[in-house]
Amino acid sequence: MEEIKQNWALIKDTIKKEYSISNISYRTWIEPLYIHNIVDNVITIVIPSDQDHTLSYISSKYKSFFQVTISELFDYEYDVKFVLEKDLELDEPQKAESSI
């Protein structure tokens, strides 16, 4: 849903305000996040990190904040999935090598 991508900054700002997230926590954990895609009702959010503990921390601490905020703002129940940026690169199809 393009509307969610267009309002990504508003979503993150709403989470910061509604859940009283400190500036340093916001800048560290939420601000760098971006949407990879939305398939059916699942929003895949990318964590620009290659450290697995980051995925675990953000998923456990912030997943419900994103689910509730997005669902309330857009009046539709969404699920949220976090992925590490490095894992997305592994999932991308490999470019075919041209033979000479």
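Here is a quick look at one helix pairing and some salt bridges in this predicted model.

Let's start with the helices. The axes of H2 (residues 8-18) and H4 (residues 52-74) come within 10 Å, crossing at roughly 120°. That angle is why H2 counts as oblique to H4. The crossing itself is right-handed. On the H2 side, the contact uses Trp 8, Ile 11, Lys 12, Thr 14 and Ile 15, and these meet Phe 65, Phe 66, Thr 69, Ile 70, Leu 73 and Phe 74 of H4. Sorted by type, the residues of this H2–H4 contact are eight nonpolar, two polar and one charged.

H4 also turns up in the salt bridges. The count comes to four, and the table includes three of them.

| Salt bridge | Closest N to O distance |
|---|---|
| Lys 86 with Asp 52 | 3.8 Å |
| Lys 63 with Asp 79 | 3.8 Å |
| Lys 86 with Asp 87 | 3.5 Å |

Take Lys 86 and Asp 52: the pair links distant parts of the chain, with Lys 86 in helix H5 (residues 85-91) and Asp 52 in helix H4, 34 residues apart. Then there's Lys 63 in H4, paired with Asp 79 in strand E3 (residues 79-84), so parts that are 16 residues apart in sequence get tied together.

How exposed are these side chains? Lys 86 is partly exposed, at 30% relative accessible area. Lys 63 is partly exposed at 30%, and Asp 79 is partly exposed at 30%. Asp 87, at 25%, counts as partly exposed too. Through shared salt-bridge partners, Asp 87 joins Lys 86 and Asp 52 in one network.

Definitions and conventions: Residues numbered from 1 in each chain as written. Predicted model: local features only at pLDDT ≥ 70, side-chain atom pairs only at ≥ 80, totals over all residues. Heavy atoms only, no water. Axes fitted to C-alpha atoms, helices over the stretch in contact; angles between N-to-C directions. Helix = DSSP H or I, 4+ residues; strand = E, 2+ residues; numbered from the N terminus. Parallel < 35°, antiparallel > 145°, perpendicular 65-115°, else oblique. Left-handed = near helix turned anticlockwise from the far one by under 90°. Contact = heavy atoms within 4.5 Å. Nonpolar A, V, L, I, M, F, W, Y, C, P; charged D, E, K, R; others polar. Salt bridge = Lys/Arg side-chain N within 4 Å of Asp/Glu carboxyl O. Buried < 20%, exposed > 50% of the residue type's maximum accessible area, 1.4 Å probe, protein only.
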